Each structure stands twice: as C-alpha cells, then as structure tokens.
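Me: Please take a close look at one helix in this model and at what surrounds it. I would like a plain account that I can follow along the chain.

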Amino acid sequence: MAVSKFGVLITLTFCTALLAAAFLNLLPVEVVYLYITISTITFAMYAFDKSAARKGKWRIPETRLHLLSLLGGWPGAYLAQRRLRHKSAKVSFKRVYWATVALNSFAFIWLFSEQGQYFINAILA
C-alpha cells in the first residue's frame, strides 16, 4: 500500500511540475504534448498487452514497454498498471519501470539547464 501511495505522489508531483513549467513558460508547451502523446501510446500498449495475455496471443516485449516509459510514457504506464492491473505485481518488471521513471525525471530536470534549453530550442527550431 505504501508503494502505491508513493507512486501516486511521484506521478502527481511530476505532472503538476510539467504543467507548471509550461504555464510559467519555463518549457515549451510542446513538451507537455509530447508527454501526453507518449503516455497515451504507452497506456494503449499496456492495454493491448493485457488483452493479448488473456487470449494467449503475441505479447509486447517488456523492453518495449520500458523504452516507452523511459521516453516519457511512464505516467501512462503507471496509470495502466493501476487501472488495468497489468504488470503491477511482477517485481523485476517494476524495478526496471521505476528505474525508467528516475532516468526520465532526471532528463526532465536537465531540460531546465542551459544545455537542455539549447537542446529544446534546436529541436523546435
């Protein structure tokens, strides 16, 4: 139960910081759109994988789910784990998942640095 509350706290804090950064013009709104898009795709991939697991069909490799989380889809992955009850009990999967959350969060913080701002401007130009 404590891990669940921790996950909710981390996810809500991150989403609030993301929206605040865009609202305060610290980051372009496109960064918010990117997180929403990747999180939606990630949630859909979890749903597809859950359905495939139930039907005994081809599954999405865990590495692909982790890559989506690393690229910014981890809020969608967290929501999918809670809502769909998929990949929420496998300890080895969750360890890697939380590592992707940490790495993506560090990358997000890096976006506020001079190098990060240069990177964003170069991509959006």
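Reply: What follows looks at helix H3, its bend, its packing against H2 and the residue after its end. The model is a predicted one.

Helix H3 runs over residues 62-84. A straight helix of 23 residues would span 33 Å, but the end C-alpha atoms of H3 are only 16 Å apart. There is a bend in H3 of about 120° at glycine 73. Within four residues after glycine 73 comes a proline, proline 75.

Next, the packing. Two packed helices are described by the angle between their axes and the distance between the axes. For H2 and H3, the axes come within 7 Å and cross at roughly 65°. The crossing of H2 past H3 is right-handed. Sorted by class, the residues of this contact are 16 nonpolar, 7 polar and 3 charged.

One residue of H2 deserves a separate look. Aspartate 49 lies in helix H2, which covers residues 29-55. Aspartate 49 counts as buried because its relative accessible area is 0%, and the cut-off for buried is under 20%. Apart from neighbours within four places in sequence, aspartate 49 contacts Arg59, Ile60, Leu65, His86 and Lys87. Of these contacts, Leu65 falls within the range of H3, residues 62-84.

After H3 comes arginine 85, which sits in the loop between H3 and helix H4 (91-110). Arginine 85 is not a glycine, yet its phi is positive, about 50°. Arginine 85 counts as exposed because its relative accessibility is 67%, and exposed means over 50%.

Notes. Residues are numbered from 1 along each chain as its sequence is written. This is a predicted model: local features need pLDDT of at least 70, side-chain atom pairs count only at pLDDT 80 or more; totals for chains, interfaces and linings use all residues. Side-chain values use heavy atoms; hydrogens and water are left out. Helices (H or I, at least four residues) and strands (E, at least two) are DSSP runs, numbered from the N terminus. Buried means under 20% relative accessible area, exposed over 50%, partly exposed in between (1.4 Å probe, protein chains only). Contact means heavy atoms within 4.5 Å. The expected span of a helix is 1.5 Å times one less than its number of residues. The bend at a residue is the angle between axes fitted to the seven residues ending there and the seven starting there. Axes are lines fitted to C-alpha atoms, for helices over the stretch in contact, and angles run from 0 to 180 degrees between N-to-C directions. A crossing is left-handed if the near helix is turned anticlockwise from the far one by less than a right angle, and right-handed if clockwise. Ala, Val, Leu, Ile, Met, Phe, Trp, Tyr, Cys and Pro count as nonpolar, Asp, Glu, Lys and Arg as charged, and the others, Gly among them, as polar.
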